[in-house]
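Here are some notes for a colleague who is coming to this structure without earlier acquaintance. Please keep the sequence and the model open while reading, and take the points in order.

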Amino acid sequence: MPPCPVCQQPASKRDGFDAADRQRYACRSCRRDFTDRSASAFAGYRWPAEVILLAVRWSLSHPLSATSVMELLAERGIDVSKRTVLRWVQTFGPLLAAEVRRHRRPLGSKCYVDEVFFFRGKEKRYLYRAVDETGQVVDVLFREHRDTASAAAFFRQALARTGWRPAQVISDHHQPYVRAVQEVLPEAEHVRTGLHRARGETTKPIERSHVFTRDRLRASRGVKALATGQRFFEGFEALHALRRGHACLGALVPGHDPAAAGVHERVRAVARAVTALGAWLAKAPRPARTARVTERPPRLGERHGKRLAVLARLGRQAASLPRPRQGGRPSDPKRWLDADSRHSPAPWPRLPCPGPSAGGPRAQRRPARHPSGAPGT
Ligand SMILES: [Zn+2]
């Protein structure tokens, strides 16, 4: 029987069928039910993986708005909203990017780095990008500012994701790169150059590779938020890597020979590669449910420790105050303070006790009135 997608223990028994008539299994150790599809990133979605991947591929590969993708799907009898298309791109773009990263070609020894800006209204946002000498995109990071912190964060993210240590970092004369390279890549040689140089390194490889990103966003109104933008750009670069041959298409698509394939075969191979990658997309691992342990409930002091400490302090203050000679309510220390400091007459004069004949215990508990006639409280 298949293993449980959460705790990885083998299923203990079959447990009927789900609504789509798939065999359901029960896991004894974490008490979950699951099917063969539960571990897939597409589990719980109404539409099959092929439809979702088609919409995501169109959105990321071509300068299409969500409305355009919605209309193209509707022509094929698939009725989804444009918001659903956007959600699919946001969810499955980064998952595809992580999967493409595992299948891409080895990176070279040079790192060309630059940032490209995008406007959203009047706000300027910066996309940090780096390519190696073959034009393969190393990583992207979408940031609000263009400074040393952003440049260093970009290098750190790229190194953490790829484990790549370039021998040479080539950038323009933008000052923050100097310290960022020293911080994160101290062993790399930093070459500061420009786009037009007669000899030596230029930043042309990275400047040229910005073109595709700009082209994709030209027809759109820009990227609204940093988080959604980052997810979109990751997915876009993943599809771009597949289309430009920076991922090993031959390993993903059986029988595909990238050297001999024509342009149309390559397009079909990319579509099949996305489908093949989609089969490996898994849900983000959830923390395993812990066994139910009968724990000792917290004691009053543990649960309300702070509040009890305050009450205890108030009580100590009250105990240290001189008690009024007459009357007074022991639960109200503030009233004692006021009575003492303002030299006012005692607010609770002792009235002659009416005695048990004038009223029962109920009458005695009534608030006493001040001799002046004002309410005593
Ligand atoms: Zn389990």
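1. In the protein chain of this predicted model, residues 24 or more positions apart account for 51% of the contacts that have a separation of 6 or more. The chain is built with 14 helices and 8 strands, and of its 377 residues 24% count as buried.

2. Consider next the nonpolar interior. The largest nonpolar core has 59 residues, and those that touch the most other members are Ala55, Val56, Phe92, Leu242 and Ala273. Helix H3, which covers residues 82-102, supplies the largest share of this core with 8 residues. Because domain 2 (41-102 + 248-286) and domain 3 (106-227) both give residues to this core, it lies between them.

3. One member deserves a closer look, and the question is which residues phenylalanine 92 touches when those up to four places away in sequence are not counted. They are Ala41, Ile52, Val56 and Leu281. Apart from the core to which Phe92 belongs there is another core, of 5 residues, and Cys4, Ala11, Cys27 and Phe34 are among them.

4. The packing of helix H1 (residues 49-61) can be followed on two partners, of which helix H9 (residues 263-278) is taken up here. The axes of H1 and H9 are 10 Å apart and the helices pack at an angle of about 125 degrees, a value inside the range between 115 and 145 degrees that counts as oblique, and H1 and H9 are therefore oblique to each other. In passing H9, H1 makes a right-handed crossing. On the H1 side the residues that meet the partner are Ala49, Glu50, Leu53 and Arg57, while H9 brings Ala271, Val274, Thr275 and Gly278 to the meeting.

5. The other partner is helix H2 (residues 66-75), whose axis comes within 10 Å of that of H1, with a crossing at roughly 140 degrees. This angle makes H1 oblique to H2, and the crossing of these two helices is right-handed. Ala55, Trp58 and Ser59 of H1 make the contact together with Ala66, Val69, Leu72 and Leu73 of H2; Ala55 has already appeared above among the residues of the largest nonpolar core that touch the most other members.

6. Helix H4 (residues 148-162) and helix H5 (residues 176-184) form a further pair, with axes that come within 8 Å and cross at roughly 40 degrees. H4 is thereby oblique to H5, and H4 passes H5 in a right-handed crossing. The residues of H4 that take part are Thr148, Ala151, Ala152, Phe155, Arg156 and Leu159, and they meet Pro176, Tyr177, Arg179, Ala180, Glu183 and Val184 in H5.

7. Is valine 113, a residue of strand E4 (residues 110-120), buried or exposed? With 26 other C-beta atoms within 10 Å, valine 113 is buried, because 20 or more such atoms are needed for a residue to count as buried. Not counting residues up to four places away in sequence, valine 113 touches Ala130, Val169, Ser171, Tyr177 and Ile206. One of these, tyrosine 177, is 64 residues apart from valine 113 in sequence, yet their C-alpha atoms are 9.1 Å apart in space.

8. Valine 169, in strand E7 (residues 168-171), is buried as well, with 21 other C-beta atoms within 10 Å. Leaving aside residues up to four places away in sequence, valine 169 touches Cys111, Val113, Val181, Leu185, Ala188 and His190. Valine 169 and cysteine 111 are 58 residues apart in sequence, and from C-alpha to C-alpha they are 4.7 Å apart in space.

9. Two backbone values are worth checking in the model. Glutamine 8, in the segment before strand E1 (13-17), has a phi near 65 degrees, which is a positive value in a residue other than glycine; with 12 C-beta neighbours inside 10 Å, glutamine 8 counts as exposed. Arginine 31, whose place is in the loop between strand E2 (23-26) and strand E3 (33-34), likewise has a positive phi, near 60 degrees, and is a residue other than glycine. Arginine 31 is exposed, with 12 other C-beta atoms within 10 Å.

How values were computed:
Residues are numbered from 1 along each chain as its sequence is written. This is a predicted model: local features need pLDDT of at least 70, side-chain atom pairs count only at pLDDT 80 or more; totals for chains, interfaces and linings use all residues. A nonpolar core is a set of buried Ala, Val, Leu, Ile, Met, Phe, Trp, Tyr and Cys residues joined through C-beta atoms within 7 Å. Helices (H or I, at least four residues) and strands (E, at least two) are DSSP runs, numbered from the N terminus. Domain bounds come from an automatic or database domain assignment. Two residues are in contact if their C-beta atoms, placed from the backbone, lie within 7 Å. Axes are lines fitted to C-alpha atoms, for helices over the stretch in contact, and angles run from 0 to 180 degrees between N-to-C directions. Angles under 35 degrees count as roughly parallel, over 145 as roughly antiparallel, 65 to 115 as roughly perpendicular and the rest as oblique. A crossing is left-handed if the near helix is turned anticlockwise from the far one by less than a right angle, and right-handed if clockwise.
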